[in-house]
Amino acid sequence: MPSIFSRKPIGELLHEGEHPNALRRALGAGDLIMLAIGAVIGAGIFGAIGTAAAGQTDAAGHLVRAGAGPALVLSFVLLGLACALAGLC
């Protein structure tokens with residue numbers, strides 16, 4: 001358990017950064033744009049899943065769409081199976 005909280009000295013980190021195979025610590029404009037697009041899409045997916053699971057009501061409290069229930073979990077299981085099969089091919 002103590003290895004979880006261990007830290008490297010700054011000198012060792014700087015030495016590793018000078019290695020020719022070290023990763024660069026630089027993001028360009030394109031990288032930042034793609035990161036932002038991924039964040040927006042990811043937030044939209046999580047929001048849509050939450051609405052699908054819980055259902056949706058309007059401001060007056062009337063039911064607009066019922067929650068999916070167990071069908072949502074089943075769809076994720078089937079999606080995981082499809083992704084696993086796609087990875088094998």
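Hi everyone, here is a short tour of one structure, from its fold to its surface. This is a predicted model, in which local features need pLDDT of at least 70, side-chain atom pairs count only at pLDDT 80 or more, and totals for chains, interfaces and linings use all residues. Residues are numbered from 1 along each chain as its sequence is written, and side-chain values use heavy atoms, without hydrogens and water.

Let's begin with the fold. Along the sequence you meet α-α-β-β-α, with helices (H or I, at least four residues) and strands (E, at least two) taken as DSSP runs numbered from the N terminus. The radius of gyration, over C-alpha atoms, is 22 Å, well over the 12 Å of the globule rule for 89 residues (2.2 Å times the number of residues to the power 0.38), so the protein is more spread out than a compact globule. Its C-alpha atoms fill a box of roughly 60 × 35 × 35 Å along the principal axes.

Now, please find helix α3, residues 70–88, where L78 lies. L78 belongs to a nonpolar surface patch with V73, L74, V77, L81, L85 and L88. Patch members have over 30% relative accessible area (Shrake-Rupley, 1.4 Å probe, only the protein chains shown as cover). They also have no salt bridge (Lys or Arg side-chain nitrogen within 4 Å of an Asp or Glu carboxyl oxygen), and nonpolar side chains are joined within 5 Å, like charges within 9 Å. Together these residues offer about 730 Å² of accessible area.
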